[in-house]
Amino acid sequence: GAVAFYDAAIDKGIKPILGCEVYVAPGSRHDKAGSGIEEAYNHMTLLAADEADYHNLIKLVSIGYTEGFYHRPRIDKEVLASHAQGLIGLSGCLSGEIAQHIRAGQEAAALQSIGVFSDIFGKERFFLEVMDHGIEEQRRVNQGLYRLHAKTGLPLAATNDAHYLRREDHQAHDVLLCIGSGKKVHESERLRFDTEEFYVKSAAEMAAVFPDHPEALANTVGIAEQCGFFLKPAGELPAFDVPPGFTIESYFEKVARDGYADRCRALAPLAEAGRLRQPLSEYEARLDKEIGVIRRVGFAGYFLIVWDFIRYAREHGI
């Protein structure tokens, strides 16, 4: 997803910033005994400023899937501390750990969490994230974040959760939520977004949302300016060694036609009984066409590489 997003942004003259909203386990990522999904993880935003940061981000996401998965791919503070070098951390939305403490009236616990994350990222690279989508609970949390900002000196960053592009897309998004959850729009007990503010806002709109905190808006721009990482174009595929007397293209065609011949032998009884969906001549014509397309676009080597590791896996019972 990062590559497709990056390429699309560059194509439109927009600076892409690569990051991830990660799920952070309240304890160990290995602990799968949470009593409810709300207790299983908190949200946090991580952004990559340069190539080394991006590699750390990739490691964290992979560990979240391979070691911490419980309802969602989760990391924990231990592994975050091991791979946070250079990353920019934002405290997250209402489901972030610090926001959750504020919602529970536990500002002392929120201060403790801030201390832990400040140590992990460094005070210059960890931001208290404020959002305002017209939700009263969010505004209450923001007041708590402003107090914590005054106590700790940690910088604020104003953001807007964006689930659709324009305000008028709200209704289509609401219908999409219903489709995804198998509900109807008129049902009261279903997933819904409370306001129409979850879209990509302009600078002027964000300034109107946070008129009393221009420093939070300036910090958001400053974060964007720090993120100067550019993805390198994908490298060439490794060379596939073919037997003597073959080119990549001719060996690919041999493998494809040998495989087709094996399938034909296996299907011979069906062919003799006239039970094939199509005559063999149609399959042969399709094989010729697909071999031609793959050779023409230069993918013969790629197909051989994939064929090789699938062949190996099958031969070794994998």
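**Entry 1: Ala218 and helix H9**

I began with Ala218, which I found in helix H9 of what is a predicted model. At 47% relative accessibility I have to put Ala218 down as partly exposed, since the exposed class begins only over 50%. I then looked up a residue remote in sequence, Glu129, which lies 89 residues from Ala218 along the chain, and I noted 13 Å between the two C-alpha atoms.

Next I checked the length of H9 itself, which runs over residues 214-226: its 13 residues should span 18 Å at 1.5 Å a residue, and the end C-alpha atoms lie 19 Å apart, so I accept the two values as agreeing. Looking down the axis of H9, I saw the buried residues fall within an arc of 115°, so they line one face of the helix. I listed these buried residues as Ala216, Leu217 and Ile223, while the face turned away from them carries the exposed residues Pro214 and Glu225.

What covers the buried residues of H9? I noted that the cover includes four strands, S2 (42-47), S4 (88-90), S5 (126-130) and S6 (156-158), together with helix H8 (203-209).

**Entry 2: His101, Ser113 and the pair H5 and H6**

I turned to His101, which sits in helix H4 (residues 97-103). His101 has 19% relative accessibility and therefore counts as buried, as the limit is under 20%. Leaving out residues up to four places away in sequence, I found His101 touching Gln106, Glu107, Ala109, Ala110 and Ser113.

I followed the last of these contacts to Ser113, which belongs to helix H5. With 6% relative accessibility, Ser113 also counts as buried. With the same sequence neighbours set aside, Ser113 touches Glu97, Ile98 and His101.

From there I looked at how H5 (residues 107-121) packs on helix H6 (residues 136-152), and I recorded axes that come within 11 Å and cross at roughly 55°. That angle makes H5 oblique to H6. The crossing by which H5 passes H6 is right-handed. On the H5 side I listed Glu107, Ala110, Leu111 and Ile114, which meet Gly144, Arg147, Leu148, Lys151 and Thr152 in H6.

**Entry 3: His71**

I noted a positive phi of about 70° at His71, although His71 is not a glycine. I located His71 in the loop between helix H2 (51-66) and strand S3 (74-75). Its relative accessibility is 40%, so I class His71 as partly exposed.

**Entry 4: H10 with H11 and H12**

How do H10 and H11 lie relative to each other, parallel or antiparallel? I found that the axes of H10 (residues 248-272) and H11 (residues 280-296) come within 11 Å and cross at roughly 160°. That makes H10 roughly antiparallel to H11. H10 passes H11 in a right-handed crossing. The contact is made from H10 by Glu249, Phe252, Glu253, Ala256, Arg257, Tyr260 and Cys264, and from H11 by Leu280, Tyr283, Glu284, Leu287, Asp288, Ile291, Ile294 and Arg295.

For H10 and H12 I recorded an angle of about 50° and axes 9 Å apart. These two helices are therefore oblique to each other. Here H10 passes H12 in a left-handed crossing. I listed Ile248, Glu249, Tyr251, Phe252 and Val255 of H10 as making this contact with Ala300, Gly301, Phe303, Leu304 and Trp307 of H12. Comparing my two lists, I see Glu249 and Phe252 of H10 in both contacts.

**Entry 5: H11 on its own**

I checked the length of H11, whose 17 residues reach 24 Å from the first C-alpha to the last, close to the 24 Å expected at 1.5 Å a residue. Which residues of H11 are buried? I found Leu287, Ile291 and Ile294. Down the axis of H11 these fall within an arc of 70°, so they line one face of the helix. They pack against H10 and helix H12 (300-315), whereas the face turned away from the buried side carries the exposed residues Lys289 and Arg296. Finally, I noted that H11 is followed by Gly298, whose phi is positive, near 80°.

Key. Residues are numbered from 1 along each chain as its sequence is written. This is a predicted model: local features need pLDDT of at least 70, side-chain atom pairs count only at pLDDT 80 or more; totals for chains, interfaces and linings use all residues. Side-chain values use heavy atoms; hydrogens and water are left out. The expected span of a helix is 1.5 Å times one less than its number of residues. Buried means under 20% relative accessible area, exposed over 50%, partly exposed in between (1.4 Å probe, protein chains only). The arc is that of the directions from the helix axis to the C-beta atoms. Contact means heavy atoms within 4.5 Å. Axes are lines fitted to C-alpha atoms, for helices over the stretch in contact, and angles run from 0 to 180 degrees between N-to-C directions. Angles under 35 degrees count as roughly parallel, over 145 as roughly antiparallel, 65 to 115 as roughly perpendicular and the rest as oblique. A crossing is left-handed if the near helix is turned anticlockwise from the far one by less than a right angle, and right-handed if clockwise.
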